There are 2 protein chains.
Amino acid sequence: MPTPARTSLEQIVKAGRDIVETDGIDGLTMQSVAARVGVRAPSLYKRLHGRNELLRLVANDAAAELTRDLESAADGKDARRDLASLASTFRRFAHANPGAYSLIFAPLPDDARADAGWSVRASAPVIDTTERLAGTDHALEAARTVVAWANGFIAMELAGAFRLGGDVDRAFDYGIDRLGVAIDTGAVTHARATRRS
Amino acid sequence: MPTPARTSLEQIVKAGRDIVETDGIDGLTMQSVAARVGVRAPSLYKRLHGRNELLRLVANDAAAELTRDLESAADGKDARRDLASLASTFRRFAHANPGAYSLIFAPLPDDARADAGWSVRASAPVIDTTERLAGTDHALEAARTVVAWANGFIAMELAGAFRLGGDVDRAFDYGIDRLGVAIDTGAVTHARATRRS
DNA sequence: ACCTGAACACCGTTCAAGT
DNA sequence: ACCTGAACACCGTTCAAGT
């Protein structure tokens, strides 16, 4: 006698997104997800191969959302503004979804990581923008510089690693401004003009 | 009848350093450390309060080593060279001790984190150098920009997040060069001179 | 004073049995 | 076809008992 399905992959992933925010990656267990969708842990194995696939599906779901955000962050008018807008979008997503954010970038086994395709798609608007600033030859390196910085800044922020006081928001604004200048091949920086700013 | 000690905190921390490199943070368990020092897991509670303290002691040990490395990386002659040297030291430590590195910067509970004192000491040579480049007013923000970038770059590198090909070493060199220019208030960048380099 | 086995409450995962 | 309890091998942690 067939039994009607009591849950679905979609529900499971949604539950996973919720749990990773409240209890972190370690709290995202087969049992906690099962409990939230109203089944027992072994039943989840009907829909996924194990916890690593659960992590991967949740990471993919979050990566898709972040990618959508990034794809609508740049309007193509002012490259420096677009760069700042992309960085802010990144940070806003991390603040709104710290659990999912750390899941996307956590050093996990390959079968628990978000699909490579998302990384490629999410990179596109960033590379488009850095190409306008640094030129085709340096677009990829410049994109890596900006993403590494944004990612590192946010990771340290979320981990509470900024322990020396000071204004963290201002440090973020300072960073993206300086990076914009740094990778902008067309920019001419006059030391005297900015020294007292 | 007193029983002679069969291990020591020092031995335990050393074992922890070894295990975190071979098996990662998740592999750094009370049982794996106990087995390596030749006792049973409950015996470790004679010397530390639990796993979080074990993680903290191992993180402190690694942070002390990284701090020593950083303190001898800058010679005070050329600030831009010192900045590059500090970044390379950072990256070299991470490549040689990926497990310890990820432990130091992992988002863990407060009682499992390295002592704040190490973060302050390790920051000093970086802030000294950024102060020479960006001036007193922006030294801290500039240091945060550089550390966030280095940290983010290395984290993405260790996590295998650079999936778009290209030369990762070159991207690191590009990044530190551009950051040096970016925070160097005294630098005058002539677009035409660098555009074809 | 230190070490231990046993116990407890958790994990992920497998599987035979139930509907 | 889906769900379940029971089982197994792991965790961290506590504690009474052993030397």
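Trainee: How do you know that the copies meet through the same surface?

Mentor: Of the interface residues of chain B, 100% are also interface residues in chain A, so the surface is shared. Contact here means heavy atoms within 4.5 Å. By that rule, 50 residues of chain B touch 51 residues of chain A.

Trainee: Anything to keep in mind about the model?

Mentor: It's a predicted model, in which local features need pLDDT of at least 70, side-chain atom pairs count only at pLDDT 80 or more, and totals for chains, interfaces and linings use all residues. Residues are numbered from 1 along each chain as its sequence is written, chains are lettered from A and ligands numbered from 1 in the order in which they are written, and side-chain values use heavy atoms, leaving out hydrogens and water.

Trainee: How are the two copies related?

Mentor: Chain B lands on chain A after a rotation of 180° with 0.0 Å of shift along the axis, at RMSD 0.0 Å. The copies are thus related as by a two-fold rotation axis. That fit is by least squares on the C-alpha atoms of residues with pLDDT of at least 70 in both.

Trainee: How much area do chain B and chain A bury between them?

Mentor: About 4200 Å², with 59% of it on carbon and sulfur atoms. B:Arg144, B:Arg163 and B:Tyr174 supply 18% of what chain B buries against chain A, more than any other three residues. Buried area is the accessible area (1.4 Å probe) that two parts lose on being put together, summed over both.

Trainee: Why do A:Glu141 and B:Arg170 count as a salt bridge?

Mentor: The term needs a side-chain nitrogen of Lys or Arg within 4 Å of a carboxyl oxygen of Asp or Glu. This Glu and Arg pair sits at 3.0 Å, N to O, so the rule is met. Across the interface the rule finds two salt bridges. On the chain B side, helices H7 (116-134), H8 (139-158), H9 (168-183) and H10 (191-195) each supply at least two residues. H8(B) gives the most, with 12 residues. Helices are DSSP runs (H or I, at least four residues), numbered from the N terminus.

Trainee: What makes B:Glu65 and B:Arg17 a link between distant parts of the chain?

Mentor: Their side chains form a salt bridge at 2.9 Å, N to O. B:Glu65 is in H4 (51-71) and B:Arg17 in H1 (9-27), 48 residues apart.

Trainee: Where is the pLDDT of chain A below 50?

Mentor: pLDDT is the predictor's confidence in each residue, from 0 to 100. Chain A averages 93, and 94% of the residues score at least 70. Residues 190-197 are below 50, though beyond near neighbours in sequence this stretch has eight contacts in the model.
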